[in-house]
Amino acid sequence: MMRAALLGAAGNQPLQRFITHHGRRFGAYRFVAGETLDEFIAAVRSANARGMRVAAGLLGEDVRSRDAAAAVAREYCDMLDRFALDRVDANVALKLTHLGLTIDRDLALANVAAVAARAAEHGNFVRMDMEQSAHTDATLDIYRGLRARGVDNVGAVLQSYLYRSEADLLALLPLNPSLRIVKGAYLESASVAYARKRDVDANYVKLLELCLHRGRFTAIATHDDAIIDHAVGFVERESIGRDRFEFQMLYGVRPKLQSALVARGFDVRIAVPFGSQWYPYFMRRLAERPANVLFLLRSMWRG
Ligand SMILES: Cc1cc2nc3c(=O)[nH]c(=O)nc-3n(C[C@H](O)[C@H](O)[C@H](O)COP(=O)(O)OP(=O)(O)OC[C@H]3O[C@@H](n4cnc5c(N)ncnc54)[C@H](O)[C@@H]3O)c2cc1C
């Protein structure tokens, strides 16, 4: 219930203005690496120094004008140039609504194609995050469209809370895809998504095993100990090479677990978001864990 309330509160304008204004004080920077590219690069260097790769995310979603969507695509291209110039180990993860998906599917396709082309110039990679289920078909169509054009340095994401994801995974396998498996972060209805954690977790394991066996590359994106232990046992039993998967976690979430996996010789990539539009992202992180809400309340109380 708290999760639903927090995800609902993400659309509350006065609350948004209040928390955004006091963001630093309310602990948003625990999950967000600052508002500028320079602050972000410092966070990437620090992650790289700890043996971790980075997936860079420019915060924001659902832009409403073509110009704004094109500007976001240019920002991603600039980021990719900067990664190459600074020789940091980071790729990008973007949201198609940030590139204009809700305005026009072809616009989002053109924008993500431009970012992928710039990434290819630098030998780099672009992952398309998965958003609300209303966008799943369009997102997967764009992924297929890119692959049909011969764009191979792109990957998609499947959410284990959606009933449809197993069918989506099976349909994508002929493309030899690079997929990130997540549980899913949005508020979805019982008509499309499992509500019980144990069903979401069981489906995660099913998707994970399928993808590890038959996909090109699997990003195991979770902080869940039981699933991570299962994945480690599975890749060892099935002799799946370490070049065929990596663990992914969010910036600021379970840093000791991140380091422990690096110490065991696994590839770990940290999703590091930055930018001024951090409010919806922050609210989703709070919704994932009651302890994070206590952390927010304590920050508010201390002033
Ligand atoms: C790299 C990455 C990329 C993602 N991309 C997407 C995407 O494209 N689309 C999408 O819908 N979702 C995405 N997510 C979010 C994902 O769907 C989940 O909402 C999120 O990862 C929490 O689920 P979990 O797998 O960690 O398991 P949970 O069962 O939620 O958590 C397992 C344990 O991890 C810890 N934990 C989890 N979340 C937090 C937190 N916020 N703060 C502190 N501790 C926490 C707790 O100890 C918890 O008990 C992504 C997640 C990661 C790690």
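Author: Helices and strands here are DSSP runs, numbered from the N terminus. A helix run has at least four residues, and a strand run at least two. Keep in mind that this is a predicted model.

Reader: How many helices and strands are in the chain?

Author: The chain holds 12 helices and eight strands. Of its 303 residues, 38% are buried. Take the contacts with a separation of 6 or more: 71% of them join residues 24 or more positions apart.

Reader: What span should helix α4 have, and what does it reach?

Author: The expected span is 1.5 Å times one less than the number of residues. Helix α4 covers residues 66-86, which is 21 residues. The expected value is 30 Å, and from first C-alpha to last α4 reaches 30 Å.

Reader: Which residues of α4 are buried?

Author: A residue is buried if 20 or more other C-beta atoms lie within 10 Å of its own. In α4 that holds for Ala69, Val72, Ala73, Tyr76, Met79, Leu80 and Phe83. Look down the axis of α4: these buried residues fall within an arc of 110°, so they line one face of the helix. On the other side, Asp67, Ala71, Leu85 and Asp86 are exposed.

Reader: What covers the buried residues of α4?

Author: The cover includes α3 (37-49), β1 (53-58), β2 (90-94) and α5. After α4 comes Arg87, with a positive phi near 55°.

Reader: Does the same reading work on another helix? Which residues of α6 are buried?

Author: Start with length. Helix α6 has 13 residues, 136-148, and at 1.5 Å a residue should span 18 Å. Its end C-alpha atoms are 18 Å apart, so the two values agree. The buried residues of α6 are Thr139, Ile142, Tyr143 and Leu146. They lie within an arc of 100° seen down the axis, so they line one face of α6. Asp137, Asp141 and Ala148 are exposed on the other side.

Reader: What covers the buried residues of α6?

Author: Among the elements that cover them are α5 (105-121), β3 (126-128) and β4 (154-159). Just after α6, Gly150 has a positive phi of about 85°.

Reader: How is a pair of packed helices described?

Author: Two values do the job: the angle between the axes and the distance between the axes. Try helix α7 (residues 165-172) and helix α8 (residues 197-214). Their axes come within 10 Å and cross at roughly 5°. That makes α7 roughly parallel to α8, because angles under 35 degrees count as roughly parallel.

Reader: Which residues meet between α7 and α8?

Author: From α7 come Ser165, Glu166 and Leu169. From α8 come Asn203, Lys206, Leu207, Leu210 and Cys211. By class, this contact has four nonpolar, two polar and two charged residues.

Reader: Which residues of α8 are buried?

Author: They are Asn203, Tyr204, Leu207, Leu208, Cys211 and Leu212. Around the axis they cover an arc of only 160°, which puts them on the same side of α8. They pack against β4, α7, β5 (178-182), β6, α9 (225-237) and β7 (245-250). As for length, α8 has 18 residues and reaches 26 Å from its first C-alpha to its last, close to the 26 Å expected.

Reader: Where is Arg216, and what does Arg216 touch?

Author: Arg216 sits in the loop between α8 and β6 (217-221). Leave out residues up to four places away in sequence, and Arg216 touches Asn176, Pro177 and Ser178. Its C-alpha atom is 9.8 Å from that of Asp243, 27 residues apart along the chain.

Reader: Why does Arg216 count as partly exposed?

Author: Count the neighbours. Arg216 has 14 C-beta neighbours inside 10 Å, so Arg216 counts as partly exposed. That class lies between exposed, at 12 or fewer, and buried, at 20 or more.

Reader: What sign does phi have in most residues other than glycine?

Author: Most of them have a negative phi. Asp62 is not a glycine, yet has a positive phi of about 50°. Asp62 lies in the loop between β1 and α4. With 16 other C-beta atoms within 10 Å, Asp62 is partly exposed.

Reader: Where is Arg254 found, and what is its phi?

Author: Arg254 is in the loop between β7 and α10 (255-263). Its phi is positive, near 50°. Arg254 has 16 other C-beta atoms within 10 Å, so Arg254 is partly exposed.

Methods
Residues numbered from 1 in each chain as written. Predicted model: local features only at pLDDT ≥ 70, side-chain atom pairs only at ≥ 80, totals over all residues. Arc of directions from axis to C-beta. Contact = placed C-beta atoms within 7 Å. Axes fitted to C-alpha atoms, helices over the stretch in contact; angles between N-to-C directions. Parallel < 35°, antiparallel > 145°, perpendicular 65-115°, else oblique. Nonpolar A, V, L, I, M, F, W, Y, C, P; charged D, E, K, R; others polar.
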